[in-house]
Amino acid sequence: KENMLGSMLFTEQTLAAVAAKFPQTPKNLSGIKGIGPEKTNRYGAAILTMIRTYEHQKGGVEAQVTLF
C-alpha cells in the first residue's frame with residue numbers, strides 16, 4: 001500500500017476525466033487519457049473501489065464533481 005496523492009500519479013486533466021466519467025471497469029478506466037495498462041494494473045482496483053464507495057456515500061452521479 002502506497003501513501004501517494006492522486007495528483008502525484010495523474011495530471012489534473014486525468015483526475016478531472018476520472019471525476020467526469022466515473023469509470024466502473026478497468027477497461028473504462030484504462031480508456032481515460034493518462035491511465036495506461038500499467039497504472040490500471042497497479043492502481044485500478046483501488047481507484048474503482050474509491051469511486052464505488054464515493055458514489056454509494058454521496059448518492060450516485062450527482063456527486064461526481066467533488067470526487068477529487
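Residue T40 lies in helix α4 of the protein, which is described here from a predicted model. With a relative accessible area of 10%, T40 is buried, because this value falls under the 20% limit used for burial. The side chain of T40 reaches the backbone oxygen of G36 at 2.9 Å. Leaving out residues up to four places away in sequence, T40 touches P26, L29, S30, I35 and A45.

The adjoining position, N41, is also placed in helix α4, which spans residues 37-58. In contrast to the buried T40, N41 is exposed, with a relative accessible area of 69%; N41 is classed as exposed because the corresponding limit is 50%. The C-alpha atoms of N41 and P26 are 8.2 Å apart in space, and the two residues are separated by 15 positions in sequence. P26 is also one of the residues touched by T40.

The overall architecture comprises four helices and zero strands, and the order of the elements from the N terminus is α-α-α-α. Confidence in the prediction averages a pLDDT of 83 over the protein, and 76% of the residues score at least 70. Among the elements, helix α1 (residues 6-9) has the lowest mean pLDDT, at 68, while the highest, 96, belongs to helix α3 (residues 26-30). Of the 68 residues in the protein, 35% are buried. The accessible surface comes to about 4,800 Å², and carbon and sulfur atoms account for 57% of this area. Among contacts with a separation of 6 or more, 50% join residues 24 or more positions apart.

The largest nonpolar core contains 14 residues, and those with the most contacts inside it are F10, V18, L29, I32, I35, I47 and I51. Two or more residues of this core are given by each of the elements α2 (12-21) and α4. The greatest contribution is that of α4, with five residues. I35, one of the residues with the most contacts inside the core, is in contact with F10, T14, V18, L29, S30 and T40 when neighbours within four places in sequence are set aside. L29 and S30 thus appear among the contacts of I35 and also among the residues touched by T40.

Helix α4 was examined further along its length. The buried residues in α4 are T40, Y43, G44, I47, L48, I51, Y54 and E55. Of these, I47 and I51 are among the residues with the most contacts inside the largest nonpolar core. At Y43, itself buried, α4 bends by about 65°. The helix is followed by G59, for which phi is positive, near 90°.

A positive phi is also found at F22, a residue other than glycine, where the value is near 45°. Most residues other than glycine have a negative phi. F22 is placed in the loop between α2 and α3. At 4% relative accessibility, F22 counts as buried, because residues under 20% are assigned to that class. The loop position of F22 is therefore combined with burial, given its relative accessibility of 4%.

Terms used: Residues are numbered from 1 along each chain as its sequence is written. This is a predicted model: local features need pLDDT of at least 70, side-chain atom pairs count only at pLDDT 80 or more; totals for chains, interfaces and linings use all residues. Side-chain values use heavy atoms; hydrogens and water are left out. Buried means under 20% relative accessible area, exposed over 50%, partly exposed in between (1.4 Å probe, protein chains only). A nonpolar core is a set of buried Ala, Val, Leu, Ile, Met, Phe, Trp, Tyr and Cys residues joined through side-chain atoms within 4.5 Å. Contact means heavy atoms within 4.5 Å. pLDDT is the predictor's confidence in each residue, from 0 to 100. A polar contact is a pair of N or O atoms within 3.5 Å; within protein, one must be able to donate a hydrogen and the other to accept it, and residues adjacent in sequence count only if both atoms are side-chain atoms. Accessible areas come from the Shrake-Rupley method with a 1.4 Å probe; for residues, only the protein chains shown count as cover. The bend at a residue is the angle between axes fitted to the seven residues ending there and the seven starting there.
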